[in-house]
Amino acid sequence: MSSFQNSTSSSIIFLLTGVPGLEAFHTWISMPFCFLYVIALSGNSLILLVIITQPSLHEPMYYFLSMLSTTDLGLSISTLVTVLGIFWFNAREISFNACLSQMFFIKLFTVMESSVLLAMAFDRFVAISNPLRYATILTDSRIVQIGAAIVIRGTLMLTPMVALLKRLSFCHSHMLHHSYCYHPDVMKLSCTDTRINSAIGLTAMISTVCVDSVFILFSYVLIIKTVLSIASSEERKKAFSTCISHIGAVAIFYIPLISLSFVHRFGKQAPPYVHTMIANTYLLIPPVMNPIIYSVKTKQIRRTVIKLLHAKET
């Protein structure tokens with residue numbers, strides 16, 4: 001009888017995967033990944049530092065940006081240890097409970113990022129469609145409530161999805177196909193009926209990320225309608241320019257997410273390393289690119305960052 005049969009959750013050790021077929025090049029592959037993690041961690045930390053230390057940036061738009069940077073930091077940290085551990089030390093083992101914890105936080109920060117992007121879309125809609133009431137609608141207390149709702153919503157939606165994995169038995173190979181614990185990946189290894197798990201996981205994703213994307217799209221339909229009603233072309237251009245950074249953040253979050261879904265569903269004939277590389281970059285692209293986008297496109301952030309860097313040099 002296989003040693004994998006009837007394993008209990010307390011005794012399970014999963015084996016994470018690096019880049020299949022390219023194990024001999026893990027050290028070289030780790031270099032760009034390490035560089036991306038450094039950019040993600042330093043860039044988002046710098047954005048947070050700038051917003052916290054500059055009273056002129058204590059406005060709703062920048063509060064939401066600080067939430068985005070916080071979720072990006074959480075997303076980066078959630079995968080950093082296992083991804084670089086595999087590349088540097090071939091540390092592939094992860095216990096069942098550690099796997100569940102990592103899975104929960106990856107999903108939580110992903111859902112939170114989607115929710116923050118929705119909140120930022122609402123912020124842009126209010127700023128453009130009702131600028132005179134902007135400060136009274138998005139008060140500090142209301143922003144705190146939105147932040148708390150984002151965390152609570154993600155936690156309540158994802159806890160059942162992760163907790164239900166505890167009921168599964170694993171009697172097949174314990175080899176996962178990513179450098180981190182991925183919910184569908186773990187379910188595939190179970191010899192228990194996983195239909196409930198699949199339904200709960202699908203429901204959680206539809207009611208969070210999918211619903212958020214629909215409302216973000218709806219917000220921009222209203223924003224475009226409002227902007228087109230402005231008589232002055234200069235004012236229209238100025239209004240649209242305040243949305244550029246947010247549109248970029250939405251694109252770099254949803255495009256890799258959709259690409260990963262398509263690869264898993266329709267790219268079964270692709271080499272295994274393609275799945276792994278896309279899965280890793282999907283979680284790294286938003287944390288790396290968001291600080292760059294907002295530093296380049298947001299004048300106040302760019303000026304303050306340059307000011308801080310010059311102050312450190314002197």
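# Briefing: a pocket, a helix and a disulfide

Helix 11 gives the most to the lining of the second largest pocket, supplying 3 residues. The model is predicted. The points below cover that pocket, then helix 2, which also helps to line the pocket, and then the cysteines, two of which form a disulfide.

**The second largest pocket**

- The second largest pocket holds about 470 Å³ of space.
- Its lining is made up of 16 residues.
- Nearest the centre of the second largest pocket are Met-61, Tyr-62, Arg-124, Thr-242 and Gln-300.
- At least two lining residues come from each of helix 2, helix 3, helix 8 (233-241) and helix 11 (299-313).
- Sorted by class, the lining of the second largest pocket consists of 6 charged, 5 polar and 5 nonpolar residues.

**Helix 2**

- Helix 2 runs over residues 60-89 and has 30 residues.
- From its first C-alpha to its last, helix 2 reaches 43 Å, which is close to the 44 Å expected at 1.5 Å a residue.
- Helix 2 nevertheless has a kink of about 40°, centred on Leu-80.
- Of the 30 residues in helix 2, 22 are buried, and the helix is mostly covered.
- Asn-90 follows helix 2 and has a positive phi, near 55°.

**The disulfide**

- The model has 1 disulfide.
- This disulfide joins Cys-99 to Cys-181, with an S to S distance of 2.0 Å.
- Cys-99 is in helix 3 (residues 96-129), while Cys-181 is in the loop between helix 5 (140-163) and helix 6 (183-188), so the pair ties together parts that are 82 residues apart in sequence.
- The torsion about the S-S bond of Cys-99 and Cys-181 is about -125°, and the disulfide is therefore left-handed.
- Cys-99 and Cys-181 are both buried.

**Two further cysteines**

- Is Cys-243 buried or exposed? Cys-243 has a relative accessible area of 1%, so this residue counts as buried, the cut-off being under 20%.
- Cys-210 has a relative accessibility of 39% and therefore counts as partly exposed, a class that lies between the 20% limit for buried and the 50% limit for exposed.

Technical notes: Residues are numbered from 1 along each chain as its sequence is written. This is a predicted model: local features need pLDDT of at least 70, side-chain atom pairs count only at pLDDT 80 or more; totals for chains, interfaces and linings use all residues. Side-chain values use heavy atoms; hydrogens and water are left out. A disulfide is a pair of cysteine sulfur atoms within 2.5 Å. Helices (H or I, at least four residues) and strands (E, at least two) are DSSP runs, numbered from the N terminus. Buried means under 20% relative accessible area, exposed over 50%, partly exposed in between (1.4 Å probe, protein chains only). The expected span of a helix is 1.5 Å times one less than its number of residues. The bend at a residue is the angle between axes fitted to the seven residues ending there and the seven starting there. On a 1 Å grid over the protein atoms alone, a cavity is a set of points where a 1.4 Å probe fits but cannot get out, and a pocket is an open set with protein on both sides within 12 Å along at least five of seven lines; lining residues have an atom within 4 Å of a point. Grid points are joined across faces, edges and corners, and a volume is the space filled by probe spheres set on the points. Ala, Val, Leu, Ile, Met, Phe, Trp, Tyr, Cys and Pro count as nonpolar, Asp, Glu, Lys and Arg as charged, and the others, Gly among them, as polar.
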